[in-house]
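Work through the exercises below with the sequence and the model side by side. Try each task before reading its solution.

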Amino acid sequence: MAVGHGIGIGAADRAEEKDRPLWEDIRLLGRILGDTVRAQEGEATFDLVERIRQTSLRFHRDEDVGARGELQTILDALSRDSSLQIIRAFSYFSHLANLAEDQHRQRRSRAHAKARSEAREGTLARTIALCKAAGIGRAELEAFFEGAEISPVLTAHPTEVRRKSTIDREMEVARLLKARDTGLLTPEELAENEEAMRRNVLALWQTSILRGVRLRVVDEVVNALSYYDDTFLPALPRLYAALEDALGAEGLGGAELPPFLRMGSWIGGDRDGNPFVTAEVLREALHLHARKALAHHLAEVEALSAELPLDERLVGVSDEVRALADASPERSVFRQAEPYRRALAHVHARLCATAAALGHPDLCREAAGEGIEAYATVEALAQDLDAIHRSLVANGSGALARGRLRLLRRAVSVFGFHLATIDLRQNSDVHERTIAELIAVATPGVDYLALPEEARIARLVAELRTPRPLFSPHVAYSETTASELAIVREAAAARERYGPAALRHYVISKADSVSDVLEVAVLLKEAGLLRPLEGTLDVDIVPLFETIGDLQASARIMAELFSVFEYRALLETRGRTQEVMLGYSDSNKDGGFLTSNWELYKAEIALVRVFRETGVGLRLFHGRGGTVGRGGGPSYQAILAQPGGAVQGSIRITEQGEVIAAKYATPELGRRNLEIIASATMEASLLHGDDPAPRDTYLEVMEDLSARAFGAYRALVYETPGFEDYFWESTVIGEIANLNIGSRPASRKKSRSIEDLRAIPWVFGWSQSRLMLPGWYGFGTAVEGFLAEDPGRVEILREMHREWPFFQALLSNMDMVLAKSNIAIASRYAGLVSDRALAQRIFPRLREEWTRSIETLLAISGQATLLETNPLLARSIRNRFPYLDPLNHLQVELLRRHRAGDGDARVTQGIHMTINGVAAGLRNSG
């Protein structure tokens, strides 16, 4: 952060000339931040920041052992006020360095495009080339897109620790960095650019990193919607256009693609463990979604009108467009010869009427006017725009049709009036209690909860056969039952108001039986979303299999479900397709990293087999988190690592917490990540065979490794006396639970048990202490035991790493998370455990397994060091660690004071600020 010193990049870091702009950006931002600290806090504070920075750099870069002790001495002597300033400085540097890295990724992507380099993995160009080389023709591609469904689903979870206020300022810094990259700015413009950057960094410094109060669910909705204006609304239509053009250029397309790629969201509909999601909240979330979509469409229609002042004396016009123009409220004499503009005025007026009808009259400056009808459906709006498109194409103005109109038509087909599909989610236990109460009231004497599974199924099927509702308006039901019924009724109303795409999925957490699915079917019937007389089901019922046991039983449960005639009949109205969600987070907490990944893979193999045997289409919904311990990692490799037949053109993936900002903060980042998901889904569906693995031996080896890893993990986490206390005292989990970073409680119940703890804070806590246990524990013991029986077995593991995408992705993700871990820092957190004997029993086990996992990973991959094959990430981590270590050190010291009873508000504030800073430095931390 020093002027002239940058971040202390050495000669080795300059070796890659292509990365020089990255280091220059980081140096610029560091210098601006340093100047801001000096100006705002004084020379003494700036000098202190610099001394800590340089000492930490000496320890990391020069391996100066003495520097570590010196750093500890400096940090231990800090006053409370000085500690806060140091935390802020190092936290903001991590945030700014992230912006520089994101900009550099975009820079490298543009450089490849300008140089016409060979298409890279995860690009549509490469995917199309691979399809063409494989002999996949136009008919096969059209069939793929006709049945495809791809959806990133945004979720709100307590790991995104930044406020929207700081995100907005950071995005402005990112925009200014991008402007400098053009190479076209004059010296005066460069100076203006830097001054603007300094203003934004100053605003960041003077803005609180922390929220004063806990977020409401509606606040989380608003935060997520902020990514639409700059990213999703412009990026998705352009991605479709690029794909259509690329297919056309290769002779593999030409027609417009169906809307196979859409956005989803859980924010406002996910009630599992979140008592603050109610029918009113769902209604408000849908209302805000519609506002965003309508505002976009209105602005685009208005802009399009300005672009199409075409004179009918100079260009032809179809009867369809002339009819629209004649119905237009536009009566200006200056527009009478401009039918396209008048037609668009009619569209705009009807959109204004639609906005008013949906509760957003303020989106238009003037009312729509008498006789102007709102669009009853989004399809009616699309038909008007299609008519304008056809007229332009037919009359020699095809180039105009390919501009803003093309993107608007695509936006209407993808976003409609609803913007994104909101999923409902609730825990099966809640459904069970709700159905039990409804049945008890409707049929006194029947205790549903006491019935065995077969009897439950029979009872639920009987309810599905009759249109008679269970609900009585003359009974006062419990708060839970009333709330659940209100939710499904609001869902039905939303589909009427905004169209069927507004709400299409109902996810069942903790699904472990057929009755869990049928209970939701009965609830949907109560709201008219399932109609027995017509035999129709309006919403996909999606069981979520989360624990190791649930994953192992998933195929059997689905086979039993498909044997229920009434349910199979309902699937016919859902395109004979069943969606199944797989939980990465809870399965990891339940069984550890290796076993979780393996059981997920095996579950997919078994599900593919069952679905094929029963003739039902499978769509998998992957509940992945940001960090490796929750299924995180590169999306492209993750999708391609699925077993053969598991993708089938359809996939939904959660995008959680801080990952949303990391992937979609800018249009370029968003476009790239959406392209990756689409490309990987195409490749997995069209180019990969149906075999689950290259060799059956691989499956046998993984089964062996998983059993060993599972035993090691369970022995530590669930069978070691006192481990629960060790976890709570050696991490910031207790403090995280009180941090205002999300609307959802940290635990499903008021309990300290690991079983009840949500998987997100479980992983987040280990990330903060730099141990990253959920991303590797058990692997070293598993491999060591496997090789102990025959050292020559290492060759089969190396072969699996070379030949099997699943095993490659597994080790690659573990490579990354181990590189981000730091056992020395983790040992300091172990020092927080009050029972020293407990700490001395557990931490050495953790350290030994950490060492084993690294050694066995390197032996299999053939690397000499972690991240040897990913030098850019290795350099990034190496440059980040000197800025993370002081934050971790101060966090430990502040935790010690806080737990000793120090009630100084600065202590609590400092802890929360270090959580923010460490999360920013690690990026994928929760």
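The exercises that follow use a predicted model.

**Exercise 1. The disulfide**

Task: Find which cysteines are joined by a disulfide, and give its handedness.

Solution:
- Step 1. Apply the cut-off: two cysteine sulfur atoms must lie within 2.5 Å.
- Step 2. Count the pairs that pass. The count is one disulfide.
- Step 3. Name the pair. Cys352 is joined to Cys364, with an S to S distance of 2.0 Å.
- Step 4. Place both ends. Cys352 sits in helix α12 (residues 339-357), and Cys364 in the loop between α12 and α13 (378-394). Twelve residues separate the two.
- Step 5. Read the torsion. About the S-S bond it is about -95°, so the disulfide is left-handed.
- Step 6. Check burial; the limit is under 20% relative accessible area. Cys352 has 7% relative accessibility, so Cys352 is buried. Cys364 has 11%, so Cys364 is buried too.

**Exercise 2. The nonpolar cores**

Task: Which residues touch the most other members of the largest nonpolar core, and which helix gives the most to this core?

Solution:
- Step 1. Start with the principle. In soluble globular proteins, nonpolar side chains tend to be buried together.
- Step 2. Take the largest core, which has 162 residues. Tyr228, Phe415 and Leu524 touch the most other members.
- Step 3. Find the main contributor. Helix α9 (residues 217-249) gives the most, with 14 residues.
- Step 4. Look around Leu524, skipping neighbours within four places in sequence. Leu524 contacts Val488, Tyr506, Leu529, Leu530, Leu537, Val539 and Ile541.
- Step 5. Look for another core. A second, separate one has 123 residues, including Ile87, Ile209, Ile825 and Ala826.

**Exercise 3. Helix α35**

Task: Compare the span of helix α35 with the expected span, then inspect what caps and what follows α35.

Solution:
- Step 1. Take the length. α35 covers residues 836-861, which is 26 residues.
- Step 2. Compare the spans. From first C-alpha to last, α35 reaches 37 Å, close to the 38 Å expected at 1.5 Å a residue.
- Step 3. Go to the N-terminal end. Asp835 caps α35, with a side-chain oxygen 3.2 Å from the backbone nitrogen of Ala837.
- Step 4. Go past the last residue. Gly862 follows α35 and has a positive phi, near 80°.

**Exercise 4. The open sheet**

Task: Give the strand order of the nine-strand open sheet and identify the edge strands.

Solution:
- Step 1. Trace the order: β3-β2-β1-β11-β10-β9-β8-β5-β4, with parallel pairing.
- Step 2. Find the strands that pair on one side only. These edges are β3 (421-422) and β4 (424-427).
- Step 3. Inspect one pair. β1 (residues 149-155) and β2 (residues 264-265) run parallel and are joined by two bridges.
- Step 4. Locate a facing position. Val153 stands opposite Gly264 in β2.

**Exercise 5. Two charged residues in loops**

Task: Are Glu546 and Arg271 buried or exposed?

Solution:
- Step 1. Place Glu546 in the loop between β8 (540-545) and α20 (548-562).
- Step 2. Read its accessibility. At 8%, Glu546 is buried.
- Step 3. Find a partner. The Glu546 side chain reaches the backbone nitrogen of Lys510 at 2.7 Å.
- Step 4. Place Arg271 in the loop between β2 and α10 (279-307).
- Step 5. Read its accessibility. At 3%, Arg271 is buried.
- Step 6. List what Arg271 touches beyond four places in sequence: Val277, Leu424, Arg425, Gln426, Glu484, Ile487 and Tyr506.

Definitions and conventions
Residues are numbered from 1 along each chain as its sequence is written. This is a predicted model: local features need pLDDT of at least 70, side-chain atom pairs count only at pLDDT 80 or more; totals for chains, interfaces and linings use all residues. Side-chain values use heavy atoms; hydrogens and water are left out. Helices (H or I, at least four residues) and strands (E, at least two) are DSSP runs, numbered from the N terminus. Buried means under 20% relative accessible area, exposed over 50%, partly exposed in between (1.4 Å probe, protein chains only). A nonpolar core is a set of buried Ala, Val, Leu, Ile, Met, Phe, Trp, Tyr and Cys residues joined through side-chain atoms within 4.5 Å. Contact means heavy atoms within 4.5 Å. The expected span of a helix is 1.5 Å times one less than its number of residues. A polar contact is a pair of N or O atoms within 3.5 Å; within protein, one must be able to donate a hydrogen and the other to accept it, and residues adjacent in sequence count only if both atoms are side-chain atoms. Two strands pair if DSSP finds at least two bridges between them.
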